[in-house]
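Visitor: Got a minute to walk me through this one? I'd like to poke around the inside and then look at some odd backbone spots.

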Amino acid sequence: MYIYKMDFEADEVTKSIPSRSSYAPSDKQKSYKAGDTLRFHIPPFQSFIDPRQTTLNFMVQVDGVEGLPLVHFSNKCGLHSIIENIRIMDANTNTVLESLMNYGEMAQKLHMYSENRSIRNKRALIEGLEYTSRDFDSELYDNEPARNSHESQLFDVPYRYDKSTNDFGSPITVTATSDPNTIEVSLHLYSGVLGALSDKVYPAMITDGLRIEIDTCVPQKCLELWTAQGLVADDGGVVTSEIAKDSKRFCIIEGSVTTANPVTYVDLHVEKNPGFDQDPIATNTPTQAALDAGACAIKNGLSGAVNLLVGKPLYGFTNANPPVWSKLGDITGVASNYATENAGGQVSVRVFLDNGINGDEISGGAGAGTGNIATQNTCGLRQLDWGSAQPTITISELQFIVKTLQPPQSYISSMLKQIATEEGVQYDYMTMDTYRNNVLAGEKVVQINIPTINHMATSIMTLPVDNSLSQRYYHKNLDTIIDDADNYNYLIDNKLVPTRRVRLSQLSQTVPKTEQVALFEAEKSLTSIKIHPKNLDFQDENFFIGRGLGRYGGVYNLAATGNASLRVEYTNPLKNKLMVSYIGGIRRLTINRNGRSVLP
């Protein structure tokens, strides 16, 4: 029996295929809010779709963030983080062709490992992904978020250098988030029917078109802080959990007076910028103990002071022994004195305050008050004052840009004739199936069962996500955690895969080290779903457990074995975890005179 396979691929040398771009609008030509479901219908007359050039385009704006620290979408996958689930269905029978769940978590890993410098530059142009929103490639100065927050795409950040005078210029009195921008993005989805997992044409005509449903995330999940420097816990301590890993207090030089009068401003230490003839203020320099205890100088002038929000109360530790965490005053403006920077000027940032405490309570420099205690004369904004805002996201002008093409008429005629037969035609496409398991904190030996139904699996990836975090913009809800994992094995068809345990313990060290075998396994799992790794840095920050199942382009019938399972041993686990497992593999769509079916 011969089964007609729809695997037409154009020969770039000998065949010219006419093509054009068209768009499929959403079901309602109005704006959406994050958390809504987006629906599209691609009609059958857009008969053959090239998924390599099909994108989801829309405008996005982040609102309701006045008084909120600067935020952005995922610094690893940009606007992909706004997508929760994707369902693609046959437009006639609603047969589900593809269901991608926990899409944001998956996209973050696939994006991170498939990027290089050029690819990230491109994504910065079209995906709302700021090029400088995170450290990478060991270029700390150029790419530390606290030094580059003025490059936000979502907001016109006013915190820039003031070179107009030889003294402190007119203070900035507006918040960085008071006037949000509307940006346009174009997302190439990780879909096997309409996106990056496919490398061949999809014949929409044989399924009477397509219906697409996209569930979006709530803003508290898909937004993240740009930087947490200047933001601290309510008691003044730095935030050491996943909430804000770069939480720091700023170092006070001195206040407006050193007598028992209300303070009207405080001067803060600023880091010297490479390439400029600057001198940090030599007076009251911070002690090493203060820096070790979680204090820092402001990075890149006013760029690093973006979290000093006008209207918010500034708190700090006094110079007393013991230091007292006190309200220094309400911020009314922020300014810098960068005008003299090229002449060897001493640079600093001045924060103007109202309703301040006595100036003699904050004199002496960071860590250099009475008794030289590390926290003295450091300041920041309490989480109580910056963590309560509820941002909203508006999505508008939503449409699928669909690249359609016209294969030779002989190919179309042959395919239509075959559909009318008992054998029918087949279309194979790569996709991902999602399985989820909960693991409680404290479980040192974890064995999770994955009841797979995949007949042609090629890869498995498991992402341990912190299940104890609430959905807030100051949490990194898409990140994975290691949680002191020691080793892992998959168990497939009653066999350990791989045979020897894959070690993970070095990833949890104070200075994480690469676990080579685990990295090789992760790389194989990615290449098996046609994601070609170009970046293998920061394994600990982009942790996942993986295994390739099909060698040399082959597949593995997991449905025949009944299930797969994952065994992970932990040394001292502290987190509740949601183990999100993605089985990558090939689905087969069969269409004949009796109807259509999908083999998972």
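Guide: Sure, and one term before we start: Ala, Val, Leu, Ile, Met, Phe, Trp, Tyr, Cys and Pro count as nonpolar, Asp, Glu, Lys and Arg as charged, and the others, Gly among them, as polar. Also keep in mind that this is a predicted model.

Visitor: OK, using those classes, how does the lining of the second largest cavity divide up?

Guide: That lining has seven nonpolar residues, one polar and no charged. The residues are Leu38, Leu56, Phe58, Ile82, Ile83, Ile214, Thr216 and Ile395.

Visitor: Which elements give two or more residues to that lining?

Guide: Strand S6 (55–63) and strand S12 (210–216) do.

Visitor: And what volume does the second largest cavity have?

Guide: About 30 Å³. The count comes to two cavities of 30 Å³ or more.

Visitor: Let's go to pockets. How much space lies in the second largest pocket?

Guide: The second largest pocket holds about 620 Å³. It has 22 lining residues, and the closest to its centre are Ser114, Arg123, His188, Tyr190 and Ala196.

Visitor: Where does the largest share of that pocket's lining come from?

Guide: From helix H2 (residues 117–126), which supplies four residues. By class, the lining of the second largest pocket splits into six nonpolar, nine polar and seven charged.

Visitor: Switching to helix H1, is it buried or exposed?

Guide: Buried: eleven of the eleven residues of H1 (residues 103–113) are, so the helix is largely enclosed by the rest of the structure. Charged residues are in there too, with Glu105 and Lys109 among the buried ones.

Visitor: What about the largest nonpolar core, how many residues does it have?

Guide: It has 115 residues. Those with the most contacts inside it are Phe73, Ile214, Leu308, Leu314 and Ile393. Strand S23 (residues 392–405) gives the most to this core, with six residues.

Visitor: Ile393 caught my eye. What does isoleucine 393 touch?

Guide: Leaving out residues up to four places away in sequence, isoleucine 393 touches Tyr32, Lys33, Ala34, Val60, Gln61, Val62, Phe73, Ile82, Pro219, Cys222 and Leu223. There's also a second, separate core of 27 residues, which includes Val502, Leu549, Val568 and Met579.

Visitor: Now leucine 194. Where is its place?

Guide: Leucine 194 sits in the loop between strand S10 (182–187) and strand S11 (202–203). At 1% relative accessibility, leucine 194 counts as buried, because the cut-off for buried is under 20%.

Visitor: Which residues is leucine 194 in contact with?

Guide: Setting aside its neighbours within four places in sequence, leucine 194 is in contact with Ile42, Ile49, Pro51, Thr54, Ile88, Leu210 and Ile212. Take isoleucine 49: it is 145 residues from leucine 194 in sequence, yet their C-alpha atoms are 7.8 Å apart in space.

Visitor: And threonine 227, is that one buried or exposed?

Guide: Buried, with a relative accessible area of 2%. Threonine 227 is in the loop between strand S13 (223–225) and strand S14 (231–232).

Visitor: Which side chain does the side chain of threonine 227 make a polar contact with?

Guide: That of aspartate 246, at 2.9 Å. Beyond residues up to four places away in sequence, threonine 227 touches Pro145, Ala146, Asp246, Val306 and Asn307.

Visitor: On to the backbone. Which residues does a cis peptide bond join?

Guide: One such bond joins asparagine 321 and proline 322, with omega about 5°. Proline 322 lies in the loop between strand S19 (313–317) and strand S20 (325–336). The peptide bond from valine 497 to proline 498 is cis as well, with omega near -10°. Proline 498 is in strand S28 (residues 495–503).

Visitor: Let's finish with phi. What is the phi of asparagine 94?

Guide: Positive, about 60°, although asparagine 94 is not a glycine. Asparagine 94 is in the loop between strand S8 (83–90) and strand S9 (96–100). Its relative accessibility is 43%, so asparagine 94 counts as partly exposed.

Visitor: And asparagine 494, where is that found?

Guide: In the loop between strand S27 (485–492) and S28. Phi of asparagine 494 is near 60°, again a positive value in a residue other than glycine. Asparagine 494 is exposed, with a relative accessible area of 74%.

Technical notes. Residues are numbered from 1 along each chain as its sequence is written. This is a predicted model: local features need pLDDT of at least 70, side-chain atom pairs count only at pLDDT 80 or more; totals for chains, interfaces and linings use all residues. Side-chain values use heavy atoms; hydrogens and water are left out. Buried means under 20% relative accessible area, exposed over 50%, partly exposed in between (1.4 Å probe, protein chains only). On a 1 Å grid over the protein atoms alone, a cavity is a set of points where a 1.4 Å probe fits but cannot get out, and a pocket is an open set with protein on both sides within 12 Å along at least five of seven lines; lining residues have an atom within 4 Å of a point. Grid points are joined across faces, edges and corners, and a volume is the space filled by probe spheres set on the points. A polar contact is a pair of N or O atoms within 3.5 Å; within protein, one must be able to donate a hydrogen and the other to accept it, and residues adjacent in sequence count only if both atoms are side-chain atoms. Contact means heavy atoms within 4.5 Å. A nonpolar core is a set of buried Ala, Val, Leu, Ile, Met, Phe, Trp, Tyr and Cys residues joined through side-chain atoms within 4.5 Å.
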